[in-house]
Amino acid sequence: MAFAHLHCHTEDSLLDGATHIYDMVKRAADLDMPAVAITDHGVMSGVPELDEACRKVKNETGKWVKPIFGCEIYFTTDSELKKQKQKLHHMILLAKNNTGYHNLLKLVSESHVDNFYYRPRTTYEMLQKYSEGIIATSACIAGIIPRCIDDGAFAEAKEWAQKFAALYEPGDFYIELQDQGITTNAGMSQYEMNCKLTQLARELGLQTIATNDFHYLTREDAPIQDVMMCIGTGSKIDDPNRIRMTGSEFYMKTEEEMRALFPYCQEAIDNTLEIAEKCDVE
């Protein structure tokens with residue numbers, strides 16, 4: 001049995017992530033995890049440090065934690081990229097090989113240089129253009145597929161899943177499951193959302209993966225990340241209406257903790273190892 005964290009935010013998710021990269025890799029080694037990904041919001045600036053940290057931890061402990069280079073992009077359905085406020089959807093992209101790594105670099109750069117408006121934006125056409133060598137997942141409840149489900153538009157969610165799956169090599173698009181004890185905008189529990197997502201995956205012949213979308217290393221670090229979010233949003237910590245991450249579950253959990261969250265879908269834990277084995281960037 002094994003598990004790898006594939007949705008991870010470090011301090012390079014500016015004022016949203018409180019995880020130091022070396023500490024993340026060291027904890028992965030201590031927990032005997034075979035790999036760990038970096039998927040910061042819209043950027044890949046932590047990639048060199050992740051590579052260095054994996055080599056350093058190998059020298060110190062004798063344990064090799066494979067670095068997986070990725071990004072949580074901001075996907076927009078607006079191919080015209082109008083300069084107006086619009087809903088941006090999260091999506092995880094991981095570099096499967098060197099070609100995918102270079103494509104991911106180009107996609108992230110283009111999102112910033114050509115398409116930036118409040119956030120670096122990625123269109124469907126860009127996903128098509130830079131799809132080779134990439135593994136993709138549907139991300140958190142801020143992804144377009146979970147949002148469609150939350151809106152009661154299951155058929156539309158399936159359409160998007162089919163469109164994304166067609167972009168990548170067979171088996172390289174995954175439906176992502178999470179459970180930090182929060183509810184969706186429509187009041188759906190994450191367990192209820194996960195049941196819908198696994199149903200969608202079964203109907204389309206897609207695999208699921210489990211992630212914890214962690215933003216800090218341990219549960220005790222949750223208040224630090226909360227203060228950082230206040231700085232990032234210009235809010236006071238005692239403001240009841242401010243944006244916040246509910247609870248203290250967005251940390252780097254052990255394999256045992258992750259398996260306990262998904263007794264009904266253990267293959268979603270196992271499939272993280274499948275992705276870790278697929279990814280091989282030098």
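Reader: I'm starting with Asp213: how do I tell whether Asp213 is buried or exposed?
Author: Check the relative accessible area, where under 20% means buried and over 50% means exposed. Asp213 has 7%, so Asp213 is buried. Keep in mind that this is a predicted model.

Reader: Okay, and where along the chain does Asp213 sit?
Author: Look in the loop between β7 (207-210) and α8. While you're there, check the backbone: phi of Asp213 is positive, near 45 degrees, and this residue is not a glycine.

Reader: Which residue in the loop between β5 and α5 has a positive phi without being a glycine?
Author: That's Ala139, with a phi of about 70 degrees. Its loop runs between β5 (134-137) and α5 (144-150). Ala139 counts as buried, because its relative accessibility is 1%.

Reader: Let's try His41. Is that one buried or exposed?
Author: Use the cut-off again: His41 comes out at 15% relative accessibility, so His41 counts as buried. You'll find His41 in the loop between β1 (35-38) and α2.

Reader: How far is His41 from Asp150, in sequence and in space?
Author: Those are two separate readings. Along the sequence, His41 and Asp150 are 109 residues apart. In space, their C-alpha atoms are 23 Å apart.

Reader: Now the helices. What do I look at when two of them pack?
Author: Two packed helices are described by the angle between their axes and the distance between the axes. Take helix α1 (residues 21-30) and helix α2 (residues 47-61): their axes are 9 Å apart, and the packing angle is about 45 degrees. That angle makes α1 and α2 oblique to each other. As for handedness, α1 passes α2 in a right-handed crossing.

Reader: And how do α6 and α7 cross?
Author: Helix α6 covers residues 154-167 and helix α7 covers residues 190-204. Their axes cross at roughly 55 degrees and come within 11 Å. So α6 and α7 are oblique to each other, and their crossing is right-handed.

Reader: Last one: which residues make the nonpolar surface patch?
Author: Leu14, Leu15, Val227, Ile231 and Ile237 make the patch, with an area of about 490 Å². Pick out Ile231 as an example: Ile231 belongs to helix α8 (residues 222-233).

Reader: Is Ile231 buried or exposed, and why?
Author: Ile231 is exposed, because its relative accessible area is 56%. Set that beside Asp213, where we began: Asp213 is buried at 7%.

Technical notes
Residues are numbered from 1 along each chain as its sequence is written. This is a predicted model: local features need pLDDT of at least 70, side-chain atom pairs count only at pLDDT 80 or more; totals for chains, interfaces and linings use all residues. Side-chain values use heavy atoms; hydrogens and water are left out. Patches are made of residues with over 30% relative accessible area and no salt bridge: like charges are joined within 9 Å, nonpolar side chains (Val, Leu, Ile, Met, Phe, Trp, Tyr) within 5 Å. Accessible areas come from the Shrake-Rupley method with a 1.4 Å probe; for residues, only the protein chains shown count as cover. A salt bridge is a side-chain nitrogen of Lys or Arg within 4 Å of a carboxyl oxygen of Asp or Glu. Helices (H or I, at least four residues) and strands (E, at least two) are DSSP runs, numbered from the N terminus. Buried means under 20% relative accessible area, exposed over 50%, partly exposed in between (1.4 Å probe, protein chains only). Axes are lines fitted to C-alpha atoms, for helices over the stretch in contact, and angles run from 0 to 180 degrees between N-to-C directions. Angles under 35 degrees count as roughly parallel, over 145 as roughly antiparallel, 65 to 115 as roughly perpendicular and the rest as oblique. A crossing is left-handed if the near helix is turned anticlockwise from the far one by less than a right angle, and right-handed if clockwise.
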